[in-house]
Amino acid sequence: SSLRPEPRAARDPGGARTRTRRGRVRLPAAMKDLNHTVRLSSPVDDGLHRTATEFLNHTQAALEKIRGEQHKLQLKVEELTRENHNLRCENQKIREEMRVLQGRPAAAGGAVGAAPPGMESTSDRYQFVRQILIHEAPVHSVSMDVKSGSKRIATASWDATVKLYDLASAEVTRTLGGPEYPDTGKMGGLYAVAFAKTAPEILGCASCDHSVYIWNHQKGSLVSKLSAHTDEVNGIDFHQTQQVMCSASDDCKVIVWDFQEGMVLRTLDKHPKSVYGCRFLGIENEYLVASCCFDRTSRIWDMRDKQIVTKLEMHSDDVIGIDYSSAKRLVATGSDDGQIGLWDARTWKLQQQINTKIDKSIGDNEVKRVAFSPCGSYLAAACSSGRVLVYEVDKQGDRPVASLGEHTDCVFDVTWGTCPQTGLRMLVSASHDRSCRYWREAPGAA
């Protein structure tokens, strides 16, 4: 990596601070041994020596007792954290069961059945290929393996697994995490997954257990667990030319890593609220990284000096999605306010604002993650209305060229690929209804 690592003092989360958030408690760091040397200018009589010795012995015993109690508390916190994770998983299952009992029958594999009226697809450009039912909990993220010729996707779910899925054979080729990895590979619920661009065998995933996991997906082995964050990790991205990765977290930080060495290179900590996404800005801006935050603002950072280059301010609610197109030199932001912003990466000016609520049948729509097509000409928006909305970037206006529906819950992520046989564009969506949906561009539609 061309970025030098930060000094250790800057990398360690450390610090004796206590805070409570979402029922989780972080205890102060363990107390260090207290060793002091006292030099006296004259001899001490036996009585004073005995008194001082007794006092120090009592003090040491008290400190050891405090240390023991602190250790017990730490174990209790870890137990409660695990219990909290299990309860959240059970809560999600109960919500899904209630949805079924309310009249929406479950489809094969545990996903909810037919979409409600208004969520159907309206597009002549894209043909639906299949529904992908491989997870037991909401699917938060999906990523196309471009290095494989767009033949494979990786999905990340709250069931704490990553699935490698072959689009041609319609089979899961590998599962990372879960019962097959009872020790080192056991992860919490997952929010994001991405393939490394410089190492075709590597992928990373972001977890609610405050960690980022780096896997060799070809071997099915865990390479490293990166644990510098102090809260849930929401998003990750890999650099185009360096062995560098960035991660975004509820701890209000973006951390830039050397993912091969497992080393923190930079900590970007000037966010006032949770950070949900991060993205490197191409080889033409090799030192720039973008972040999107719950303070309704996106930021462009220079990793070399950790300074904010500019702020992208347009939204009126949490900014969830962010992506970059090298082909168009555009940054896209998506927000819970239902708006999409397209920003010129040469001037940082707002080039276009898209209102996804223009279609009244969609209702109170929120935009989650956004993704540019490989050519940069199209932008897909994952939406809370159960749809993927596809926009043509060079055409002004709020009307999408395609509305890909049929999901029965929030679509949280979407990824693009190019069919290796036909050269046509492909889309895969990931939804909280536990399913993914695979779409392919219709011949002659472009």
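Let's start with two strands that sit side by side in this predicted model: β4 (residues 139–144) and β5 (residues 152–157) pair in the antiparallel sense, with five bridges between β4 and β5. If you want one contact to look for, find Ser143, whose bridge partner in β5 is Ala154.

Is β4 enclosed or open to the outside? Six of its six residues are buried, so β4 is largely enclosed by the rest of the structure.

Now move along the chain to an open sheet. Four strands make up this sheet, in the order β3-β30-β29-β28, and the pairing is antiparallel. Its edge strands are β3 (126–132) and β28 (411–418), each of which pairs on one side only. From one strand to the next, the twist averages 20°. In general, side chains in a regular strand alternate between the two faces of the sheet.

Within that sheet, β28 and β29 (residues 425–431) run antiparallel and are joined by seven bridges. Here Asp413 has Ala430, in β29, as its bridge partner.

Here are the two strand pairs next to each other:

| Strand pair | Sense | Bridges |
|---|---|---|
| β4 and β5 | antiparallel | five bridges |
| β28 and β29 | antiparallel | seven bridges |

Finally, have a look at a loop. Pro179 lies between β7 (171–177) and β8 (190–195), in the loop that links them. Is Pro179 buried or exposed? Its relative accessibility is 80%, and the cut-off for exposed is over 50%, so Pro179 counts as exposed. Pro179 and Ala160 are 19 residues apart along the chain, and their C-alpha atoms are separated by 9.7 Å.

Technical notes. Residues are numbered from 1 along each chain as its sequence is written. This is a predicted model: local features need pLDDT of at least 70, side-chain atom pairs count only at pLDDT 80 or more; totals for chains, interfaces and linings use all residues. Side-chain values use heavy atoms; hydrogens and water are left out. Buried means under 20% relative accessible area, exposed over 50%, partly exposed in between (1.4 Å probe, protein chains only). Helices (H or I, at least four residues) and strands (E, at least two) are DSSP runs, numbered from the N terminus. Two strands pair if DSSP finds at least two bridges between them. Axes are lines fitted to C-alpha atoms, for helices over the stretch in contact, and angles run from 0 to 180 degrees between N-to-C directions.
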